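Let us walk through this structure together, beginning with one pair of helices and then moving outward to the whole chain and a few individual residues.

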Amino acid sequence: FIGLGNMGAPMALNLAKGGNEVYGFDSDSSIKLPEVIMTSCIPSLLKEVDVVFTMLPSGLIVKDIVNQFIGDFSAKSTLIDCSTIDVKTTKDLYKILHKRDIYMLDAPVSGGVQGAKSGSLTFMVGGSTRVFEKFQFLFDHMGNRAVYCGETGSGQSAKICNNMILGATMIATCESFALADKLGLDRKAMFEVVSTSSGYSWSMNAYCPAPGVGPKAPSDNNYIPGFSSDLMLKDLKLAQNAAIETQANTPMGDLAMKLYKDFVEAKNGSGLDFSAILKTFEA
């Protein structure tokens, strides 16, 4: 398992707790995980395993690891990339690996840090159905659902479409709370109405951006990230790059990206949960 950050570490631990022998590597050599066999050398790790998971910040880093160490992968081994990266890079990686008889699944996740810790992630998987079925039991250790989405790149496509919806609905939810405040409507009354009416959404019902309203969420913990604004901005940029490449018309997604860009880069939103964008509309 390469990449033992906020998401990768609990995912690797859940794999190990499921009875699998798990080797781990991270660029931060101080990271130590119980039940995971830590290694400081990627080539030695790759030679030992049949399956390589990656959970990394960008497509560039995933591609760099593949290009550097492709000669160290075991023949017929499988790379399962759980990072959220662009579709083109995913397809390029597949081609590079396929030439060496190495299989690949793109399997980005939804559920955030809490989902990774509790083993309740949803995986969106692209690649060979045969390879997916062979390793579905590994997804079961880390999540509640693994949805096969289609050929290589389909997992990434599903992820960026999902998160474009999430970013836009969170903004709409925050705007509505700000308007309710101006109208003198109690926030709890607003939640009770919207959460049981046609305004129902995951952003309102499960992850309410207003503190003290609804189920416990990052808003109740000073917006310490479950899913950071920085990562939301990254995913919205991926979605808009894909929209440009495919000539898709996504004005709401484009505006959501611009609003998160302003929040992260100009309004001290970096490092906060993505629901903290409520502060923008409260102001």
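A crossing of two helices is called left-handed if the near helix is turned anticlockwise from the far one by less than a right angle, and right-handed if it is turned clockwise. With that in mind, look at helix H10 (residues 229–246) in this predicted model: H10 passes H11 in a left-handed crossing. On the H10 side the contact is made by Ser229, Asp230, Met232, Leu233, Leu236, Lys237 and Gln240. H11 contributes Gly253, Asp254, Ala256, Met257, Tyr260, Lys261, Phe263, Val264 and Glu265. Sorted by character, the residues of this contact are eight nonpolar, three polar and five charged. Two packed helices are described by the angle between their axes and the distance between the axes. Here the axes of H10 and H11 (residues 251–266) come within 9 Å and cross at roughly 145°.

Stay with H10 a little longer, and compare two of its residues. Leucine 238 is found in this helix, and isoleucine 244 has its place there as well. Which of them is buried and which is exposed? Leucine 238 has a relative accessibility of 14%, under the 20% limit, so it counts as buried. Isoleucine 244, at 64%, is over the 50% limit and therefore counts as exposed. Setting aside neighbours within four places in sequence, leucine 238 is in contact with Thr84, Ile85, Asp86 and Ile160. Its C-alpha atom is 34 Å from that of glutamate 192, and the two residues are 46 apart in sequence. For isoleucine 244, a residue to look for is lysine 159: the two are 85 residues apart in sequence, and their C-alpha atoms are 17 Å apart in space.

Now step back to the whole chain. Its secondary structure comes to twelve helices and eight strands. The radius of gyration is 20 Å, close to the 19 Å that the globule rule gives for 283 residues, so the chain is as compact as a globular protein of that length. Taken along the principal axes, the C-alpha atoms fill a box of roughly 65 × 45 × 35 Å. Of the 283 residues, 52% count as buried. The chain exposes about 13500 Å², of which carbon and sulfur atoms supply 54%. Among contacts with a separation of 6 or more, 63% are between residues 24 or more positions apart.

Where does this burial show up in a single helix? Try H1 (residues 8–17): nine of its ten residues are buried, so this helix is largely enclosed by the rest of the structure. The buried residues are Gly8, Ala9, Pro10, Met11, Ala12, Leu13, Asn14, Leu15 and Ala16. They pack against strand S3 (51–54), strand S6 (109–110), helix H5 (112–118), strand S7 (121–127) and helix H6 (129–142). Just after H1, glycine 19 takes a positive phi of about 95°.

Positive phi values also turn up in residues other than glycine. One of these is aspartate 101, with phi near 60°, in the loop between H4 and strand S5 (103–106). Another is tyrosine 223, also with phi near 60°, in the loop between helix H9 (202–205) and H10. What are their accessibilities? Aspartate 101 is at 43%, so it counts as partly exposed, whereas tyrosine 223 is at 7% and so counts as buried.

Two more residues round off the tour. Threonine 90 sits in helix H4 (residues 87–98), and at 0% relative accessibility it counts as buried. Leaving out neighbours within four places in sequence, threonine 90 is in contact with Ile85, Met104, Asp106, Thr152, Gly153 and Gln156. Ile85 is also among the contacts of leucine 238 in H10.

Serine 203 lies in helix H9 and is buried, with a relative accessible area of 1%. Which residues does serine 203 contact, leaving aside its neighbours within four places in sequence? They are Leu166, Thr169, Met170, Thr173, Cys208 and Pro209. Finally, find isoleucine 277, which is 74 residues from serine 203 in sequence and 12 Å from it in space, C-alpha to C-alpha.

Methods. Residues numbered from 1 in each chain as written. Predicted model: local features only at pLDDT ≥ 70, side-chain atom pairs only at ≥ 80, totals over all residues. Heavy atoms only, no water. Axes fitted to C-alpha atoms, helices over the stretch in contact; angles between N-to-C directions. Helix = DSSP H or I, 4+ residues; strand = E, 2+ residues; numbered from the N terminus. Contact = heavy atoms within 4.5 Å. Nonpolar A, V, L, I, M, F, W, Y, C, P; charged D, E, K, R; others polar. Buried < 20%, exposed > 50% of the residue type's maximum accessible area, 1.4 Å probe, protein only. Rg over C-alpha atoms; globule rule 2.2 N^0.38 Å. Areas by Shrake-Rupley, 256 points an atom, 1.4 Å probe, with all protein chains shown as cover.
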